[in-house]
Amino acid sequence: MRNTLFLIAISALWTGASAGNVQIQVLDREGKPVPDAVVVIYPGNAAGTPPNLLQASPTIEQEKMRFVPAVTVVSAGTTVRFTNQDRWDHHVRGNPTGVAPAAAPGAAASTNFELRLAGKTDGKPANFADVKLDAPGVVLLGCHLHGSMRGHVFVTDSAWSLKTDNDGIARFPAVPDGAAQVRVWHAEQLVDLPRKALNVVPGPVLDTVQLSVVPRVRRAPPASPGNTPGGPMGSYSLAPAQGAHAHHRGS
């Protein structure tokens, strides 16, 4: 009798906590895998402890005139560190995309920032600044001095958020069973795709989402332009040293 009750209890616990391993592959318009797409799952039943899939304290490097990584996914309320690894000055400008300020003024204010970082000096730590991103949305990163520099921060409102790998796949463990929705975002997909319905069951769940564009392949970084402050496209006075502060518009 005791063994029977034990098995019933284990069965009930398993039923209440059952979850599926979900893999979402993102393809381009021609059917080829797309890396660095953001996949977000919104479970209909999000009871229990959410997963820890994202970095708690991510760093975005400015290196060889690029933002590295080009796409960063964070939870709302995360503090992101920007670090200048180049030997010339950089500017960091963050602007919200796809957000109507009239509808979401808080989101626009918390994702609209400007800061400057001096170039790295040999033998010294790189200069950095921290920015806290409180509201969900997509932040476009740029540099006033170097117009070719582009990056994005995707501030998510779901714990089930990941970037696709080189095979275009985002792999989610332990997604709660039941109805769910899938959102896919890519920097070159100018019109947001509609969310896709997904039924999560115990065991593996495989699905695909296709973009309406063919993303461009990122070119190799340019050769170092030398030690001139500001790089090849201008200069300005050195920014405050390590620990510089971001300036938020409207704050």
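Which residue forms a salt bridge with Lys132, and how far apart are the closest N and O atoms? Keep that one in mind; Exercise 1 works it out.

This is a predicted model, where local features need pLDDT of at least 70, side-chain atom pairs count only at pLDDT 80 or more, and totals for chains, interfaces and linings use all residues. Residues are numbered from 1 along each chain as its sequence is written, and side-chain values use heavy atoms, with hydrogens and water left out.

**Exercise 1. Salt bridges**

Find the partner of Lys132, then look at two further salt bridges and say how exposed their residues are.

Step 1. Start with the rule: a salt bridge is a side-chain nitrogen of Lys or Arg within 4 Å of a carboxyl oxygen of Asp or Glu. The structure holds nine of them.

Step 2. Lys132 pairs with Asp134, and their closest N and O atoms are 3.8 Å apart. For exposure, buried means under 20% relative accessible area, exposed over 50%, and partly exposed in between (1.4 Å probe, protein chains only). Lys132 comes out at 45%, so partly exposed, and Asp134 is partly exposed too, at 42%.

Step 3. Glu30 and Lys32 also meet through their side chains, at 3.8 Å from N to O. Here Glu30 is exposed at 52%, while Lys32, at 48%, is partly exposed.

Step 4. Now try Asp165 and Arg171: the closest N and O atoms of this salt bridge are 2.3 Å apart. Asp165 has a relative accessible area of 25% and is partly exposed; Arg171 is partly exposed at 41%.

**Exercise 2. Strand β3 and its partners**

Work out which way the side chains of β3 point, and which strands β3 pairs with.

Step 1. Strands (E, at least two residues) are DSSP runs, numbered from the N terminus. In a regular strand the side chains alternate between the two faces of the sheet.

Step 2. Check that on β3, residues 59–62. Ile60 and Gln62 point to one face and are buried, whereas Thr59 and Glu61 point to the other and are not.

Step 3. Look for partners; two strands pair if DSSP finds at least two bridges between them. β3 runs parallel to β6, with four bridges joining them, and Ile60 has Phe82 as its bridge partner there.

Step 4. With β4 (residues 67–68), β3 runs antiparallel over two bridges. Glu61 is partnered by Val68 in β4. The hairpin of β3 and β4 has four residues between the strands, and Lys64 takes a positive phi near 55° in this hairpin.

**Exercise 3. Asn84 and His144**

Describe the surroundings of Asn84, then do likewise for His144.

Step 1. Place Asn84: this residue sits in strand β6, residues 78–84. Its relative accessibility is 0%, so Asn84 counts as buried.

Step 2. List contacts, meaning heavy atoms within 4.5 Å. Beyond neighbours within four places in sequence, Asn84 touches several residues, including Gln62, Asp89, His90 and Asn127. A polar atom of the Asn84 side chain also lies 3.1 Å from the backbone oxygen of Ala118.

Step 3. Move to His144, in the loop between β10 (137–142) and β11 (150–156). At 47% relative accessibility, His144 is partly exposed.

Step 4. Leaving aside neighbours within four places in sequence, His144 is in contact with His91, Arg93 and Glu114. Its side chain joins that of Arg93 in a polar contact of 2.8 Å. (A polar contact is a pair of N or O atoms within 3.5 Å; within protein, one must be able to donate a hydrogen and the other to accept it, and residues adjacent in sequence count only if both atoms are side-chain atoms.)

Step 5. Finish with the link to His90: 54 residues separate His144 and His90 in sequence, with 7.9 Å between their C-alpha atoms.

**Exercise 4. A three-stranded sheet**

Which strands stand at the edges of the sheet with the order β13-β1-β16?

Step 1. This sheet is open, with mixed pairing. β13 (169–176) and β16 (203–210) stand at the edges, each with a single partner strand, so one side of each has no neighbour in the sheet.

Step 2. Take the pairing of β1 (residues 19–27) with β16: the sense is parallel, over eight bridges. Gln23 has Leu206 as its bridge partner in β16.
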